[in-house]
Amino acid sequence: MERNTHFIGQSTAFLDAVERASRAANTARPVLVIGERGTGKELIAQRLHHLGPRWGEPLMVLNCAALPETLIEAELFGHEAGAFTGATRARPGRFEEADRGTLFLDELGTLSMAAQERLLRAVEYGEVTRIGSSRPVQVDVRIVGATNADLPRAAAEGRFRADLLDRLSFEVITLPPLRAREGDVPELAEYYGRRMATELAWERWPGFTSAAMEALEAYAWPGNVRELRNVVERAVYRWDDQDRPIGAIVFDPFESLWAPREADSTPSAAVSEMPQPCVPPPVTHLRTAVEAHERGLISSALEHHRWNQRRTASALGLTYDQLRHCMRKHKLTVPG
């Protein structure tokens with residue numbers, strides 16, 4: 001496996017999903033990978049391909065949501081010259097390019113009904129027909145589909161072909177969200193933190209403070225592993241003292257005291273300018289989570305004002321002495 005395709009985790013739910021993928025790799029049957037965004041669906045597809053007998057053949061990837069409906073069939077099945085406007089030469093589709101290998105269809109639930117019908121024939125009979133041609137081409141392709149949609153419900157509502165779902169669901173691997181992977185957040189945070197420190201040429205890895213790690217564990221991670229990686233790498237990148245454990249975590253990079261607000265011309269504009277209450281993520285220790293959030297806000301404001309403490313205090317609505325007290329409380333010192 002490449003450096004970016006490692007599986008990091010020790011929770012039972014996560015290891016069960018990886019083990020199921022390893023078992024399914026030895027077959028040529030279709031597999032559906034279900035999971036929220038950022039849970040690693042493409043990594044599972046790569047595992048299915050590389051651990052199976054097709055590892056030396058092509059692994060083709062197509063994000064079905066990335067192309068307009070008018071082009072998705074041409075991308076999947078290919079086209080002949082002159083088949084439609086702009087088709088100046090014949091081109092094989094992803095099925096032909098993946099012959100004897102694996103075709104990974106991400107965001108499978110976004111396929112149009114017409115594309116689903118053609119996909120069903122490709123799965124059922126192992127043949128595809130380029131747009132503009134009447135001659136089918138035989139292909140030997142293993143299909144791995146991925147989605148975060150409820151395909152059985154979509155099939156019941158007529159938005160996804162039930163017969164295609166039956167053909168694709170020989171094996172279904174459902175990836176757990178990060179919030180359900182007990183004990184994996186510290187392991188992932190350490191892995192991505194060390195890797196970022198190496199990229200920045202740090203001489204040592206200081207780790208995270210206990211408050212920072214507790215904040216990471218308390219967060220709900222709607223973006224799962226992909227979001228955690230961004231949060232951890234950003235925390236390492238912004239930390240100026242590699243001799244002290246990282247203590248500032250910013251979950252939302254758009255959070256700012258000066259973030260622009262949309263103009264509202266209605267009479268209730270004054271009301272809309274009032275800060276709206278937000279629903280915090282579930283926490284296991286309220287005081288620790290609040291302190292970690294407060295530290296992050298103060299640290300961010302200090303960096304924005306280049307550590308000018310009087311300007312920072314004014315921007316935060318604090319007195320100079322109150323800001324100094326907060327800095328001592330959270331052990332924030334002027335860099336350099």
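Helices (H or I, at least four residues) and strands (E, at least two) are taken here as DSSP runs numbered from the N terminus, and the expected span of a helix is 1.5 Å times one less than its number of residues. The structure is a predicted model, in which local features need pLDDT of at least 70 and side-chain atom pairs count only at pLDDT 80 or more, while totals for chains, interfaces and linings use all residues. Residues are numbered from 1 along each chain as its sequence is written, and side-chain values use heavy atoms, with hydrogens and water left out.

**Stop 1: helix H5**

Select residues 113-125, which make up helix H5. At 1.5 Å a residue these 13 residues should span 18 Å, and the end C-alpha atoms are 18 Å apart, which agrees. Now colour by burial, where buried means under 20% relative accessible area, exposed over 50%, and partly exposed in between (1.4 Å probe, protein chains only). The buried residues of H5 are Ala115, Gln116, Leu119, Leu120, Ala122 and Val123. Seen down the axis of H5, the buried residues fall within an arc of 165°, so they line one face of the helix; the arc is that of the directions from the helix axis to the C-beta atoms. An α-helix has 3.6 residues a turn, so residues three or four places apart point the same way. On the face turned away from the buried side of H5, look for the exposed residues Glu117 and Tyr125.

Next, display what surrounds the buried side: the buried residues of H5 pack against helix H3 (69-77), helix H4 (94-97), strand E5 (102-106), strand E6 (127-128), strand E8 (142-147) and helix H7 (162-168), with contact meaning heavy atoms within 4.5 Å. Just after H5 comes Gly126, whose phi is positive, near 70°. On the other side, in the loop between E5 and H5, select Ser112, which is buried with a relative accessible area of 12%. A distance drawn from the C-alpha atom of Ser112 to that of Thr85, 27 residues apart along the chain, comes to 21 Å.

**Stop 2: strand E5 and its partners**

Move to E5, where five of its five residues are buried. Thr102, Phe104 and Asp106 point one way from the strand, whereas Leu103 and Leu105 point the other way. Two strands pair if DSSP finds at least two bridges between them. Strand E2 (residues 59-63) runs parallel to E5 and is joined to E5 by five bridges, with Met60 having Leu103 as its bridge partner. E5 also pairs with E8 in the parallel sense over four bridges, and there Phe104 has Val144 as its bridge partner.

**Stop 3: the nonpolar cores**

A nonpolar core is a set of buried Ala, Val, Leu, Ile, Met, Phe, Trp, Tyr and Cys residues joined through side-chain atoms within 4.5 Å. Which residues of the largest nonpolar core touch the most other members? Among its 30 residues, they are Leu76, Phe95, Leu103, Leu105 and Leu108. Strand E1 (31-34), E2, H3, E5, H5, helix H6 (151-156) and H7 are the elements that give two or more residues to this core, and its largest share, five residues, comes from H5. Centre the view on Phe95 and, leaving aside neighbours within four places in sequence, its contacts are Leu76, Phe77, Leu103, Leu119, Ala122, Val128, Val139, Val141 and Ile143. A second, separate core of 26 residues includes Tyr192, Trp202, Met213 and Val231.

**Stop 4: aromatic pairs**

Rings of Phe, Tyr and Trp (its six-membered ring) pair if their centres lie within 6.5 Å, and planes under 30 degrees apart count as stacked, over 60 as edge-to-face and the rest as tilted. By this rule the count comes to seven aromatic pairs. Trp205 and Phe208 form an edge-to-face pair, 5.5 Å centre to centre with 80° between the planes, and both residues are buried. Trp221 and Phe251 are also edge-to-face, at 5.7 Å centre to centre and 65° between the planes. This pair links distant parts of the chain, 30 residues apart: Trp221 is in the loop between helix H9 (210-218) and helix H10 (224-238), and Phe251 is in the loop between H10 and helix H11 (269-272). Trp221 counts as buried at 0% relative accessibility, whereas Phe251, at 21%, counts as partly exposed. Add Tyr219 to the selection, since Tyr219, Trp221 and Phe251 form one aromatic cluster.

**Stop 5: helix H13**

Finish at helix H13 (residues 309-316), where Gln309 lies. Gln309, Thr312 and Ala313 are buried in H13, and these buried residues fall within an arc of 100° seen down the axis, so they line one face of the helix. The face turned away from the buried side carries the exposed residues Arg310, Arg311 and Ser314. Helix H12 (286-304) and helix H14 (320-329) are included in what covers the buried residues of H13. Gln309 itself has a relative accessible area of 13% and, not counting residues up to four places away in sequence, touches Leu302, Tyr320, Leu323, Arg324, Met327 and Val334.
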